[in-house]
Amino acid sequence: VPTVPLRKVTIVAEALLEDRLLRDLRDLGSRGFTITETRGEGSRGTRAADFEGPNVRIETIVSPTVADAIVAHVAEHYFEHYAVIAWVNDVEVVRGEKYA
Amino acid sequence: VPTVPLRKVTIVAEALLEDRLLRDLRDLGSRGFTITETRGEGSRGTRAADFEGPNVRIETIVSPTVADAIVAHVAEHYFEHYAVIAWVNDVEVVRGEKYA
Amino acid sequence: VPTVPLRKVTIVAEALLEDRLLRDLRDLGSRGFTITETRGEGSRGTRAADFEGPNVRIETIVSPTVADAIVAHVAEHYFEHYAVIAWVNDVEVVRGEKYA
């Protein structure tokens, strides 16, 4: 079974940002999400530095192009005012040919 | 401390598939799992396309051979009828020498 | 938007170890954590072999140097007596320049 090399973008943010982030991700081309409740603790290297509390972790598997668009969007629209962290890593996806 | 290069397989599926998936993974050689409650949203590139609701995320760290067997099994037995996504990525495991 | 290549360390352990692990990680240079409740099942290749039950998953994004220190510390102080698994993988972090 061949897998398809794609990119997984993970965003961890205050829980109240969930709906807005999902809307943005859909607009940027993401077709599906896995959402997990999580907790954050400590500084995240953002200006909205120290925080603790309920966070949401949003993961989406996308093409490199969509991943780049998401990264640029999150950096531009969220990092200054919200406690958000985001990272990207390579994944090999089963039946990945239908992803954006 | 040397780490051991292994493969992490992540499967996100409807929560009701958990027991069956864990049984299958054990049969294929997986020795341990981390299981997280999660939510899915949106199409996943599967025939059982759109869904929302309680999902389970199963992660297992295994050898490349076992990872390939899991990927083939999930593709063959789950993708047609269930909303399942699965991906693989490289991990470096502390004291990884005892993994399957 | 350039991303910064860093290392993500993931530790899955008995829930009761959370406070101690976070204290150790801070001492080793980690500045922030994402913490998720999870469940473990099966042997993990540790001496404290078989276990089931509430686990905590701690993730921290750090420099390669800090990642190595965490891995060494966990291997030395936890693996013999606790059901702990730990792995490292590469991530590309948005605005990663402020991480330890």
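These are my notebook entries on chain symmetry, the interface of chain A and chain B, salt bridges and one helix in a predicted model.

**Ground rules.** I worked from a predicted model, in which local features need pLDDT of at least 70 and side-chain atom pairs count only at pLDDT 80 or more, while totals for chains, interfaces and linings use all residues. Residues are numbered from 1 along each chain as its sequence is written, chains are lettered from A and ligands numbered from 1 in the order in which they are written, and side-chain values use heavy atoms, with hydrogens and water left out.

**Entry 1, symmetry.** I looked up how the copies relate, with superposition done by least squares on the C-alpha atoms of residues with pLDDT of at least 70 in both. A turn of 120° with a shift of 0.0 Å along the axis lays chain B on chain C at an RMSD of 0.0 Å. That is the relation of a three-fold axis. I noted that the copies use different surfaces, since 12% of the contact residues of chain B recur in chain C, contact meaning heavy atoms within 4.5 Å. Chain A is likewise superposed on chain B by a rotation of 120° with 0.0 Å of shift along its axis, at an RMSD of 0.0 Å.

**Entry 2, chain A against chain B.** I then turned to one interface, where 25 residues of chain A are in contact with 23 residues of chain B. The two chains bury about 2000 Å² between them, 49% of it on carbon and sulfur atoms; buried area here is the accessible area (1.4 Å probe) that two parts lose on being put together, summed over both. T34(A), E92(A) and V94(A) supply 26% of the area that chain A buries against chain B, more than any other three residues.

For the polar side of this interface, I found nine residue pairs in polar contact, both residues at pLDDT 80 or more. A polar contact is a pair of N or O atoms within 3.5 Å; within protein, one must be able to donate a hydrogen and the other to accept it, and residues adjacent in sequence count only if both atoms are side-chain atoms. The count of salt bridges between chain A and chain B is four, a salt bridge being a side-chain nitrogen of Lys or Arg within 4 Å of a carboxyl oxygen of Asp or Glu. One of them joins E18(A) to R39(B), with the closest N and O atoms 3.0 Å apart. On the side of chain A that touches chain B, the elements giving two or more residues are β1 (3–14), α1 (18–28), β2 (32–43), β3 (50–62) and β4 (85–94) of chain A; helices (H or I, at least four residues) and strands (E, at least two) are DSSP runs, numbered from the N terminus.

**Entry 3, salt bridges.** Over all chains, the count comes to 21 salt bridges. R39(C) and E18(B) meet in one of 3.0 Å, N to O. This pair joins two chains, because R39(C) lies in strand β2 (residues 32–43) of chain C and E18(B) in helix α1 (residues 18–27) of chain B. R39(C) is partly exposed at 27% relative accessibility, whereas E18(B) is buried at 12%; buried means under 20% relative accessible area, exposed over 50%, and partly exposed in between (1.4 Å probe, protein chains only). I also noted that salt bridges sharing partners join K8(A), R57(A), E59(A), K8(B), R57(B), E59(B), K8(C), R57(C) and E59(C) into one network.

Within that network, the side chains of E59(A) and R57(A) meet at 3.4 Å, N to O. E59(A) is buried at 3% relative accessibility, and R57(A) is buried with a relative accessible area of 5%.

In chain B, I looked up the salt bridge between R7(B) and D90(B), whose closest N and O atoms are 2.8 Å apart. The pair links distant parts of the chain, with R7(B) in strand β1 and D90(B) in strand β4, 83 residues apart. R7(B) is buried, with a relative accessible area of 13%.

**Entry 4, R57(C).** R57(C) sits in strand β3 (residues 50–62) of chain C and is buried, at 5% relative accessible area. Its side chain makes a polar contact of 3.4 Å with that of E59(C). Leaving aside neighbours within four places in sequence, R57(C) is in contact with residues of two chains, among them K8(B), T34(B), E59(B), T34(C) and W87(C).

**Entry 5, helix α2 of chain B.** This helix (residues 64–77) has 14 residues and reaches 20 Å from its first C-alpha to its last, close to the 20 Å expected at 1.5 Å a residue, where the expected span is 1.5 Å times one less than the number of residues. Its buried residues include V66(B), I70(B), V71(B) and V74(B).
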